[in-house]
Structures are given as structure tokens and as C-alpha cells.
Amino acid sequence: MPEPAPVQTTYYVDVVNMPVAAPRAGSPQQAADTEDLAPPPPPEPAQPEMSAPTVPVTSSPAVSPKKQTQKQADSASFDQQMAKLQTAADARRQAQRLDELRTKVDAQGRSGMPKGMGSQAGSDYTAYIHSRLKDAFQETISYQSKAPFVQVRLVIAANGRLLSARFEKSSKDQLFELAVRRAINMAEPQFVPPPDDQQYEGLFVFRPEGVAQQ
Amino acid sequence: MINRLYPVFAALLLCCLLPVMAAAAPAVEVTASGNRQLKMAVVPPQPAGTVIRPELANEAAEVIGFDMAMSGLMLTEQRTALPLPGGLALARPSYAAWQTAGFDLLVLGEYELRGDELTLEFRLFDITGQKQLAVKRYLGKAKDLRRFSHNFSDHILLTLTGTAGSFSLPIFYVSSQSGNKEVWQMDWDGRNARQITHNRSITLSPDLSPDGRELIYTSYKRGNPDLYKRNLASGLETVISNRSGLNITGSWSPDGSKIALGLSKDGNTEIYTIASSGKNPNRLTISQSANVSPAWSPDGSKIAFVSDKLGNPQVFVMDNNGGNQQRLSSGTAYSSNPAWSPDGSKIAYTRSAGGFQIFVMKADGSEQYQLTDIGRNERPRWSPDGRLIVFSSNRDGREAIYVMRADGSGQTRISTTAGSNNHPLWAGQQ
């Protein structure tokens, strides 16, 4: 029997989709009973407790101390007003931006967010499958021609099982085809169900790194 | 009326186009760096009967391991494993254990000996895919064990690459072991050498007919270098060209109907074609210089040959009717022994470069590169699958037969017969 070698466990950290626990593109619709669990709206910006810093005043022997004190008070009051207005404008802008984002998400959803379909550009699920395939392909790549390539259409069932891997185009390098098949076999156990519990279909082109497209 | 149908047409067109548009999603590119050599474990076949001959099992595993290593596609390792309970046909190998040990492919086998009768079975498994890729069962004598093992090696390459190996095909060569230069035959790995001709004379330049049944060669058995044909099954030898002067460097056409050779019946040596019976000579070259060593392209449309019409011998190519002659080898160095690769894309030849060395160039003469650099290396011939090149070399003293991969790697001496060994020819090639 072969000598047992230490098993190396690979942990995948999907940096792009950190907010989503699963690599699926989010749930199709947010359940009504989860609305309570939604994060509270951002708090109103608090009034600054401290007064605005006063402008340092250089002493002038020609101005009396009383006049100088009144002038300082007027200036501080003006600065406070300006700071309030500025803060209020910022808060309005922030709230408006949040409203826009909420409207956008409510309207069409986004990958990795509620109502995401998983079919948008940069879809998480395609990226996830690509990542698994790439890792496996690195372990199996082997070829005997100069510029091999294989175009494969993968169909993944709603339960995450690979339904079919159809080789649509190939440079006819059989060793390379075998390497791609082995990569798909190796990656398959790590496939997860596609978003929306729908069948997923994706087109992937395998080729050695640095080999130009024919 | 037509105006009313426009929306219907538009809807139909949209219905037709929508799926196409949906399917036209761009493909995602999956790339990886490097080009891995597959790692194969070869386990000696386990006994299926009462007779246990571990030396036979080990020999079978060694043959397959060496063949696969020389193919250049994989690294092989002979491993022992516990016999599969229930035999090879019923049990599944422990894929996980083999994968943990780092193997991509696994060869298991089973043998049964009853007297001299041998039953041998091999199976090839894909460890990653966890499936059986190939199985072959052989029935024969115990002495056939190496032949069966070579055959399974060929089958492994066929399964993995689509092109069978050439390991079960023999190599013919000229050896002086008997005291005379005679044609011999051996397995590709140098085993099972046996003498073919017994002419007690000088025998040169063997070439095999495309059907593998007849061998032609030049022999001085009657004083003159004449061309002979030998039926390998019956051993019957007939002279097919004994014209005055030289009858040398015979080469079968790919369809077996003609033989190209060098004849000097009219003075200097010129390239002719004759029918396989030796009749109907047709002169292809006309010059004041020597023209020898014709080699047919695999499709039969061209003939490469050697001519010294520019001074030193150089490799030329011409149409099979003698027209359109072009020089292929460059420089002024002595160049000879052209041999086409089985796919017709390359020509291997000998060139003087600090001693004779093996070179390979594209069939149009471009991209010439050197494969050997030790000793004197001559007469390259391709294996029928184009993966290997057999040649003669004196790097270890006397001339011996060597094999290397088509890129020049893995140069290995294979002939073990005494004396000088040269003029190799891998059976099965054009």
C-alpha cells in the first residue's frame, strides 16, 4: 500500500464575498419576518458637543478689551452656525445616498445581496466555480501540443451536483482533455447549489497560462 | 395586412434570438501554469492462481514502468500493494490512499500460470477521476510476458493521448556480433535480440515494407552490393536489384508499391525508383555528383535524399517524380541520413558538428536544432508514433544502438549485443 502522507487541508477564503457566508448569490427575497432583524437605519448625526475652535486673535493695542470680547463672541457664533449647516448638509447627502442604494437593491438585487440572481456580471457563483476549477486545474494540467485549449459547458443541478460537462471545442490534445476532465472531477465535490435553487450553466475555456487564444 | 403582421414577426424574431443571446454569454477562462508530468504507480500483477512467480510479476511492472518513463509523459514508480480481495475484476483500488500518496494514475494487474500457459491482465486507473481507464487481457505463453507488457504500455499511451506507443514494435539493426555484418532484430528496449540474416557477408541499410512482412537490405554476399528482399515469415531471400555498380540505401514507398534506391549503373550514383519486384527503374536525379539515401515522406509525395553536388553532402528534397529539387540542410557541414517523422512535419538527419551529431529540422529546412553532442551519432530513425528516435552512437566505445525522445532527452543505450551495432530501423515506420 502507498505510504500515507500528511493530509493538507485547503481553506478557501473568498475575499470578494466576505459579507456572504455561503458563496451563493444571496437569497432571492428577504423574508418578511426577517425585517425586524434588518439593521437599524443609520443614526442622525449628533450635534458637535464642542464649540468650534476660535480663531486665534492677535492682540492689538488700539482695540479696547470689551470690543475685542464682543468681536470674538460674534465670530464663534458664526462658526458654530456654519458647522451646523455643514453637518446637516452632510447628513442629508448620506441619507440620500443610502436611499438610492436601497432603491437600487430593492429594484434589481445584487450578487451576494438579497434578490441577487447570481447571473449578474461578476456573479459570485460563477466566480466560485471558476475558483474551484482553477485550483483543481493547477493540480492536473498536462499537455503535449503547443497551444492546447478546451471549451467546456458545465451544467450544475440545483442541488450542486454536476449534471454534464460538454466539451464543445478542443484543440484535440487528448492529454490536455484528460487533464481538464480530471480537474472537473477533482473540483466537483466542492460545488455548492447555485443561487435561487436553479440549474446553473456556464461556459469555461481551459488553457495553459500564457498561451494566447487561437 | 402586412403592417398588421409586423408585430407578430418581430415577436417571433425576438423569441428566436433570445435563447441565442442568452447562450452567447462570454466564456470564463480557466488557466494554470506549468505542464505536469503525470505520476504513475505500477504495481506488479498479483497471482490469480496457485502458481506464484513474483519475478514474472516484477518483470511485467518494470517493463511498463520503463516504457512509460521513456514516453516522457509521466514519472513512474513501482509500488507494492496488498492483493485486492476478490481479485482484480471485483475489487476497487483504494483511490484515496493512492491520491494521498501523490499518484495520478495506477496500473494493477493479475496473472495466472498453468504450466507454460500465461493469462495476464492489466488495468489502468485514473486516481483523481476514480475510474478505470483501460483494461486488457492477454493469453499466451510465459515467454510472451514482456511482449504483453509492452503492448499494454502502447495501450496506455493510446488511452491517454490518442496515439498508441511503439513499444511493442521491434527494432532491426546491423550487428557484427556474429563476425559478419548481419541484420538483427530486438525489442525496442534491447531484449530478445535475434539474428535475421545469415549471409556471412556485409549487410547494410535494412528497411521494412509498410505491411511489415518483407525486409530489404544491401548485401555483398555475391561480391557486388546488391539489393535483396527477405520475407520475414518464411525467411525466403530474393535479389531485387543486382544492376552493375552500387544498389544501395533502398527505401520502401509508403504504399509499398515502389522502392527508391541509389544506383550507379550509369556512372555516378543517382536516385531511382523501382517496382517492389525490382523492375521498371525510373531515374529521378540527373547530376555529375553522388545522390544516395532516399527517404519517402509519409504521404509519398516527396523524397528527401543526400547529394554532394554543392561540395559536401547535403540533404535535399524533391517531388516523387524528381522535380522541384530544393536544398534543406544549411551551411557547408557534412549532412546525411535524412528520416521523415511519421507526421511528415520534421526530418531528422546526421550532421558534422564536432563529430557527427543528430539534428532535427522542419520539413521545409527551417528550425534546425541539435539533439546529441557526445561521441559520433548517426542514422536516426523515428519510432512509428514519433515520440522517440533510434540512432547509433559510439559514445561508450564501440557503436551501439541508442534511443532518445524526439526532443533529445532521455538518451539511453538499448543494444546489448557484442560487436558493432548500427543502421537501426524501428519497425512500423514509413
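The exercises below, with worked solutions, concern a predicted model with chains A and B.

**Exercise 1. Describe the extent of the contact between chain B and chain A.**

Solution. Start with the residues: chain B contributes 35 residues and chain A contributes 30 residues to the contact. Next take the area. About 3,000 Å² is buried between chain B and chain A, and carbon and sulfur atoms give 54% of this.

**Exercise 2. Which polar and charged interactions link chain B and chain A?**

Solution. Begin with the salt bridges, of which there are three between chain B and chain A. One of them can be examined by distance: the closest N and O atoms of Glu29(B) and Arg207(A) are 3.0 Å apart. The cut-off for a salt bridge is 4 Å, so a pair of Arg and Glu with side-chain atoms at this separation qualifies. Then count the polar contacts: 19 residue pairs across the interface of chain B and chain A meet the rule, with both residues at pLDDT 80 or more.

On the side of chain B that touches chain A, at least two residues come from each of β1 (28–32), α3 (95–100) and α4 (145–161) of chain B. β1(B) gives the largest share, five residues. By residue class, this side of chain B has 16 nonpolar, 13 polar and six charged residues.

**Exercise 3. In which sense, parallel or antiparallel, do β3 of chain A and β1(B) pair?**

Solution. Strand β3 of chain A covers residues 200–208. Its pairing with β1(B) is parallel and runs over five bridges. To fix the register, take Phe204(A), whose bridge partner in β1(B) is Val28(B).

**Exercise 4. Give the strand order of the open sheet that contains β25 of chain B, and find its edge strands.**

Solution. The order is β23-β24-β25-β26 (chain B), and the pairing is antiparallel. β23 (335–340) and β26 (369–370) of chain B each pair on one side only, which makes them the edge strands. Now look at one pair: β25 (residues 356–362) of chain B is joined to β26(B) by two bridges. Here Phe359(B) stands opposite Gln370(B).

**Exercise 5. Which helix packs on the sheet that contains β28, β29 and β30 of chain B?**

Solution. First set out the sheet, an open one of four strands in the order β27-β28-β29-β30 (chain B) with antiparallel pairing. Its edges are β27 (377–382) and β30 (412–413) of chain B. Between β28 (residues 388–393) and β29 (residues 400–405) of chain B there are six bridges, and Leu388(B) stands opposite Arg405(B). The helix is α2 (residues 54–71) of chain B, which touches β28, β29 and β30 of chain B. The direction of α2 makes about 65 degrees with that of β29(B).

Technical notes. Residues numbered from 1 in each chain as written. Chains lettered and ligands numbered in written order. Predicted model: local features only at pLDDT ≥ 70, side-chain atom pairs only at ≥ 80, totals over all residues. Heavy atoms only, no water. Contact = heavy atoms within 4.5 Å. Buried area = accessible area lost by both parts, 1.4 Å probe. Polar contact = N/O pair within 3.5 Å; in protein donor to acceptor, adjacent residues only side chain to side chain. Nonpolar A, V, L, I, M, F, W, Y, C, P; charged D, E, K, R; others polar. Pairing = 2+ DSSP bridges. Axes fitted to C-alpha atoms, helices over the stretch in contact; angles between N-to-C directions.
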